[in-house]
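Got the viewer open? Switch to a cartoon view, keep the sequence panel handy, and let's walk through this one stop by stop.

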Amino acid sequence: MTPAARIQAAIELLDAIIASARDGGPAADTLIARYFKERRYAGSRDRRAVRDHVYDAIRRAGERPDTGREAMIGLAQERPDLAALFDGSAHAPMPIEPGEVGASAGAMPAWLAPLLAAPVEQNALLGRAPVDLRVNRLKARPATVAPHLPDAQPIPGLPDGLRLPEGFPVEQTDPWKQGLVEVQDGGSQMIALACAAAPGMTVVDLCAGAGGKTLALAAAMAGQGTLIAADTIRARLARLSPRAERAGATFIETLLIDQGHEGRGLDSLKAQADVVLVDAPCSGTGTWRRNPEARWRLTQARLDRLVAEQARILDFAAPLLAPGGALVYATCALTDQEGRDQVDGFLARHDGWMAETIDMPLGRAHGAGWLLTPGHDGTDGFFFARLRRSA
């Protein structure tokens, strides 16, 4: 592909990504993979260049553009080298017309900015994310893994954390293949630490998904006790089993529950759990470094639905705790509606609960919980709180 053809390919992909974001379709990575599967003539350098153009345009535009051409023209207005490729030659985009407007630059949709927690450093939300690892203590220790990953650096404050450069192919390494490490952002590791799970406990990961935090809890429990990974989506939960096998965490139990009727599936666990983790579905505003197109998918209506769903999950999670048990609420979101306000609302609705003071090596106090941000802590953005049920 010529450099100009790569620009045209990026425009075509951006058109598909914009439509998919608007209509709730597949993610950008999926669309990019499909695009090149149908175009075998594109070499690895072509694919890499086109992908870079696409994500540079996505990161630049906080508001969802109307077209891929608009998105790329916005980028080209800051990059004369790209603007010169709009030359109308074979397989190239047509020249930029006088007065043709490109997408505006911005960190996020204008309506969302006032809703972010006040300490959030907005200019850091779209930086490139490193590859963070958690050493799996069911099989290894950091000191034994580090020599096999010479590019890895310890993550301050995380006893099992290692950090690799962005894009490092960790899944091609022996430590990953042998289950000695898991890819897990430092913020997610911090949430698992906040659960304070220990051997012999009964622990429920209520929104387990593919089980990243479940595996961290399994390591903290040293394989002893009862650990239940629950979710309402079968395909997502099914991804945990091979991960648990590789990690040596075969004591994990999975529980598929019926959305909207979760109480029936969880009835046998009432007043049984020492720890319940609610890693709730959220806006994902804390993960824009890894998923910048999420900004184009979020609307006020969707945020309102998520906030209502978070409150509903907290309400059916609370009865699972034994007296003295801890409910850890977490979101990879940085809006106060999903974090500080959600916890305040729970405490107002439920008697016999209190928010515990959290003091972690990364992050800072925010309301009744704890806030992690890319700019302050070098992790994805998270809010979490630990709520204790009275004995």
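Start by selecting β8 and strand β9 (residues 321-331): in this predicted model, the two pair in the parallel sense over 6 bridges. To see the register, show V275 and A326 in β9, which stand opposite each other.

Now swing to the other neighbour. Strand β5 (residues 202-205) is joined to β8 by 3 bridges, and the pair runs parallel. Here V204 stands opposite V276 in β8. Keep going outward from β5 and you reach β6, which pairs with β5 in the parallel sense over 4 bridges. Pick D205 for a marker there: its bridge partner in β6 is A229.

Colour these strands by accessibility next. Of the 7 residues in β8, 6 are buried, leaving the strand mostly covered. β6 is mostly covered too, with 5 of its 6 residues buried.

**Stop two: the nonpolar cores**

What sits in the middle of the largest nonpolar core? Among its 41 residues, L206, V276, V278 and L327 touch the most other members. Select β6 (226-231), β8, α14 (300-317), β9, α15 (340-349) and β13 (382-389), and you have elements that each supply at least two residues of this core. The biggest giver is α14, with 6 residues. There is also a second, separate core of 36 residues; L158, M190, I191 and V275 are among its members.

Zoom in on L327 and draw its neighbours. Leaving out residues up to four places away in sequence, L327 touches V276, V278, L314, A317, L321, F346, W353, A385, R386 and L387.

**Stop three: the annotated aspartates**

Type in D231, D258 and D279. UniProt, in an unreviewed entry, gives these three the feature "binding site". The same kind of record lists residues 110-390 as "domain: SAM-dependent MTase RsmB/NOP-type" (unreviewed entry). Select that span and you'll get 29% helix and 23% strand, with its end C-alpha atoms 42 Å apart.

Take D279 and D258 in turn. Is D279 buried or exposed? D279 lies in strand β8 (residues 273-279) and counts as buried because its relative accessibility is 18%, below the 20% cut-off for buried residues. Show its side chain together with that of K213: the two make a polar contact at 2.8 Å. Beyond residues up to four places away in sequence, D279 touches C207, K213, A330 and T331.

D258 is in a loop, the one between β7 (253-256) and α12 (262-266). At 44% relative accessibility, D258 counts as partly exposed. Its contacts, again not counting residues up to four places away in sequence, are T232 and R264.

**Stop four: helix α2 and a buried glutamate**

Move over to helix α2 (residues 28-37) and show A28, L31, I32, Y35 and F36 as sticks; these residues are buried. They span an arc of only 125° around the axis, so they sit on the same side of α2. The spacing makes sense: an α-helix has 3.6 residues a turn, so residues three or four places apart point the same way. For what covers the buried residues of α2, bring up α1 (3-23) and α3 (44-60), which are included in that cover.

Stay here and select E293. This residue lies in the loop between β8 and α13 (294-297). At 2% relative accessibility, E293 counts as buried. Which residues does E293 touch, not counting those up to four places away in sequence? The list is I17, A27, A28, D29 and I58. Measure from the backbone nitrogen of A28 and you'll find a polar atom of the E293 side chain 2.5 Å away.

**Last stop: the open sheet**

Finish with β1 to β4. What is the strand order? Across this open sheet of 4 strands, the order is β2-β3-β1-β4, with antiparallel pairing. β2 (153-154) and β4 (181-183) stand at the edges with a single partner strand each, so one side of each has no neighbour in the sheet.

For the middle of that order, select strand β1 (residues 131-135) and strand β3 (residues 161-164), which run antiparallel and are joined by 4 bridges. Label D132 to follow the pairing across: its bridge partner in β3 is R163.

Terms used:
Residues are numbered from 1 along each chain as its sequence is written. This is a predicted model: local features need pLDDT of at least 70, side-chain atom pairs count only at pLDDT 80 or more; totals for chains, interfaces and linings use all residues. Side-chain values use heavy atoms; hydrogens and water are left out. UniProt positions are given in the numbering used here, feature names are shortened, and annotations may be inferred rather than shown by experiment. Buried means under 20% relative accessible area, exposed over 50%, partly exposed in between (1.4 Å probe, protein chains only). Contact means heavy atoms within 4.5 Å. A polar contact is a pair of N or O atoms within 3.5 Å; within protein, one must be able to donate a hydrogen and the other to accept it, and residues adjacent in sequence count only if both atoms are side-chain atoms. Two strands pair if DSSP finds at least two bridges between them. The arc is that of the directions from the helix axis to the C-beta atoms. A nonpolar core is a set of buried Ala, Val, Leu, Ile, Met, Phe, Trp, Tyr and Cys residues joined through side-chain atoms within 4.5 Å.
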